[in-house]
Amino acid sequence: MKRAPAELRVDFVMGAVAHRLRFGGGRGQDIAKAMGFRNGNTPTIIDATAGLGRDSFLLASLGAQVTMIERSEKMHMLLELGMERAFNEGGQFREIIERMTLLKGDAKDIIPTLTAEAILIDPMHPERKNSALVKQDLRQVRDIVGSDEDAADLVRLAIMHAQKRVVLKWPAKADPIEGVQKCSHQILGKTTRYDVFMTG
């Protein structure tokens, strides 16, 4: 008999996020290099597609002020609860959460009202042919937020507003998003690549 999937929850204190915080490699990680952490520089960041908040939490743990935008009502509520639990944990977790700001709404409407050096965009990735490879929590996120059909519009708008760079997090072997200009450079990992669009 199949077990029902566990209720989706945002957890910054336990599990994968806490492990990455302790053993992830700090500023040497691909995402940190892509976002512009170098030579003592700590960029201000907008995470335009907050999702489970894991990348935002990591970037905030490296010292960045991160503004997260989430348009799904349910994901926004899960993020709020997860941030509250981490804040109440105190210590290092509270310090990190204090560098994170969560906004609800469509990033295309909100980005023009904000200022940041770097904008991270991690839209829902194309469905893999072998869905067993996709982790359960990411399948649950897809069920909540849908497929982000407007990803190209969001990337183009972000390029107009980011002071220094836009970073698109995308599967390593996936085709570029149609309708988006060629990136300035890429940082390629085993399963994920970061397409970097320099703007400033």
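# A guided tour of charged pairs, helices and rings

Select Glu73 to begin: with a relative accessibility of 56%, this residue counts as exposed, since the cut-off for that label is over 50%. The structure on display is a predicted model. Glu73 belongs to helix H4, which covers residues 73-89.

Next, add Lys104 to the selection. Glu73 and Lys104 are 31 residues apart along the chain, and their C-alpha atoms are separated by 7.6 Å. Their side chains are joined by a polar contact of 3.1 Å.

**Charged pairs**

Side chains of opposite charge can pair when their charged atoms come close. How many salt bridges does a search of the whole structure find? The search finds eleven, and the tour visits some of them.

Select Lys169 and Asp55. Their side chains meet in a salt bridge, with 2.7 Å from N to O. Lys169 is in strand S5 (residues 165-171) and Asp55 is in helix H3 (residues 54-61), so this pair ties together parts that are 114 residues apart in sequence. Are these two residues buried or exposed? Both Lys169 and Asp55 are buried.

Move now to Arg71 and Asp106, whose side chains form a salt bridge of 3.3 Å, N to O. Arg71 lies in the loop between strand S2 (66-70) and H4, while Asp106 lies in the loop between strand S3 (100-104) and helix H6 (107-110); the pair therefore ties together parts that are 35 residues apart in sequence. Arg71 is partly exposed, its relative accessible area being 40%. Asp106 is partly exposed as well, with a value of 22%.

Continue to Lys108 and Asp150. This salt bridge has its closest N and O atoms 2.5 Å apart. The pair links distant parts of the chain, 42 residues apart: Lys108 is in helix H6, and Asp150 is in the loop between helix H7 (136-145) and helix H8 (151-161). Lys108 has a relative accessibility of 24% and counts as partly exposed. Asp150, at 17%, counts as buried, because the cut-off for buried is under 20%.

Show Arg71, Asp106, Lys108 and Asp150 together. Salt bridges that share partners join these four residues into one network.

**A charged residue without a salt bridge**

Return to strand S5 and select Arg165, which lies in this strand. Which side chain of opposite charge is nearest to Arg165? It is that of Glu117, 7.7 Å away; Arg165 is buried yet has no salt bridge. Leaving aside neighbours within four places in sequence, the residues in contact with Arg165 include Lys33, Arg38, Glu117, Ile119, Phe197 and Thr199.

**Helices H1 and H3**

Select helix H1, residues 15-23, and colour Val17, Ala18 and Leu21, which are buried. Viewed down the axis of H1, the buried residues fall within an arc of 95°, and they therefore line one face of the helix. Then turn to the other side of H1, where Gly15, Ala16 and Phe23 are exposed. What covers the buried residues of H1? The cover includes H3 and helix H5 (91-97). Just after H1, select Gly25, which takes a positive phi of about 105°.

Helix H3 is the next selection. H3 is mostly covered, with six of its eight residues buried. These buried residues are Asp55, Ser56, Phe57, Leu58, Leu59 and Ala60; Asp55 has already appeared as the salt-bridge partner of Lys169. After H3 comes Gly63, which has a positive phi, near 105°.

**Aromatic rings**

Keep Phe57 of H3 selected for the last stop. The structure holds two aromatic pairs. In one of them, the rings of Phe12 and Phe57 have centres 4.9 Å apart and planes at 10°, so the pair is stacked. Phe12 lies in the segment before H1 and Phe57 in helix H3, so far as sequence is concerned 45 residues apart. Phe12 is buried, with a relative accessible area of 0%, and Phe57, at 1%, counts as buried.

Add Phe93 to the view. Phe57 and Phe93 form a stacked aromatic pair, 6.4 Å centre to centre with 20° between the planes. The pair links distant parts of the chain, 36 residues apart, with Phe57 in helix H3 and Phe93 in helix H5. Both Phe57 and Phe93 are buried. To finish, display Phe12, Phe57 and Phe93 together: ring pairs link these residues into a cluster.

Methods: Residues numbered from 1 in each chain as written. Predicted model: local features only at pLDDT ≥ 70, side-chain atom pairs only at ≥ 80, totals over all residues. Heavy atoms only, no water. Helix = DSSP H or I, 4+ residues; strand = E, 2+ residues; numbered from the N terminus. Buried < 20%, exposed > 50% of the residue type's maximum accessible area, 1.4 Å probe, protein only. Polar contact = N/O pair within 3.5 Å; in protein donor to acceptor, adjacent residues only side chain to side chain. Lys, Arg positive; Asp, Glu negative; His and termini not counted. Contact = heavy atoms within 4.5 Å. Arc of directions from axis to C-beta. Phe/Tyr/Trp six-rings, centres within 6.5 Å; stacked < 30°, edge-to-face > 60°.
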